[in-house]
Amino acid sequence: MEIKNEERHHAGSFYLDDNGKRMGEMRYLVKDGLMNIYHTEVSPDLTGHTWGFKLVESGVKYARENNLQILPTCSFARSVFDRTPEFADVRAMEENE
């Protein structure tokens with residue numbers, strides 16, 4: 001299993017590639033220095049193996065390398081950020097905070 005990234009214009013995804021088969025994906029949009037993670041999904045066969053966390057972690061690494069802040073609008077990504085204080089440096093403040 002390998003995590004890969006693909007981008008088209010301002011949209012992209014990190015996805016789990018298992019010999020050419022997508023087993024999970026985290027989708028995002030980038031605009032004005034902000035990376036909005038809006039969807040994360042992993043195959044039920046991989047549930048409980050931290051692959052969803054690893055996808056979000058890949059997004060965090062990408063954000064750090066590209067000087068971006070992350071707005072986790074996806075409920076799963078938001079829960080990962082809530083449980084992982086090490087990601088606070090790239091988390092964008094939401095308007096209601």
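**Views of a predicted model: chain, sheet, helices and Ser13**

Of the 97 residues in the chain, 39% are buried, and the model from which this value is computed is a predicted one.

**Figure 1. Overall view of the chain, with its 2 helices and 5 strands.** In sequence order the elements follow the pattern β-β-β-β-α-β-α. The radius of gyration is 13 Å, close to the 13 Å that the globule rule gives for 97 residues, so the chain is as compact as a globular protein of that length. The C-alpha trace spans about 40 × 30 × 20 Å along its principal axes, and the accessible surface of the chain comes to about 6100 Å², with 47% of that surface belonging to carbon and sulfur atoms. Of the contacts between residues at least 6 apart in sequence, 37% join residues that are at least 24 apart.

**Figure 2. Close-up of the open sheet, in which 5 strands are arranged in the order S1-S2-S3-S4-S5.** The pairing within this sheet is mixed, and its edges are formed by strand S1 (2-8) and strand S5 (69-72), each of which pairs on one side only. Direction ignored, neighbouring strands of the sheet are turned against each other by 25 degrees on average.

**Figure 3. Close-up of the pairing between strands S4 and S5, which run in the parallel sense.** Strand S4, covering residues 34-42, is joined to S5 over 4 bridges. Within this part of the model, Met35 stands opposite Ile70, the latter residue being in S5.

**Figure 4. Close-up of the two helices against the strands, with helix H1 (residues 51-65) lying across S1, S2, S3, S4 and S5.** Helix H1 runs at about 160 degrees to S4. Helix H2, made up of residues 75-83, also packs on the sheet, where it touches S4 and S5; the direction of helix H2 makes about 120 degrees with that of S5.

**Figure 5. Close-up of Ser13, a residue of strand S2.** Ser13 has a relative accessible area of 3% and is therefore buried, the cut-off for that class being under 20%. When neighbours within four places in sequence are left aside, Ser13 is in contact with Lys4, Asn5 and Glu6, and likewise with Arg22, Glu25, Met26, Arg27 and Tyr28. Among these partners, Lys4, Asn5 and Glu6 fall within the range of strand S1 (2-8), whereas Arg22, Glu25, Met26, Arg27 and Tyr28 fall within that of strand S3 (21-31).

Notes
Residues are numbered from 1 along each chain as its sequence is written. This is a predicted model: local features need pLDDT of at least 70, side-chain atom pairs count only at pLDDT 80 or more; totals for chains, interfaces and linings use all residues. Side-chain values use heavy atoms; hydrogens and water are left out. Two strands pair if DSSP finds at least two bridges between them. Axes are lines fitted to C-alpha atoms, for helices over the stretch in contact, and angles run from 0 to 180 degrees between N-to-C directions. Contact means heavy atoms within 4.5 Å. Buried means under 20% relative accessible area, exposed over 50%, partly exposed in between (1.4 Å probe, protein chains only). The radius of gyration is taken over C-alpha atoms; the globule rule is 2.2 Å times the number of residues to the power 0.38. Accessible areas come from the Shrake-Rupley method with a 1.4 Å probe; for residues, only the protein chains shown count as cover.
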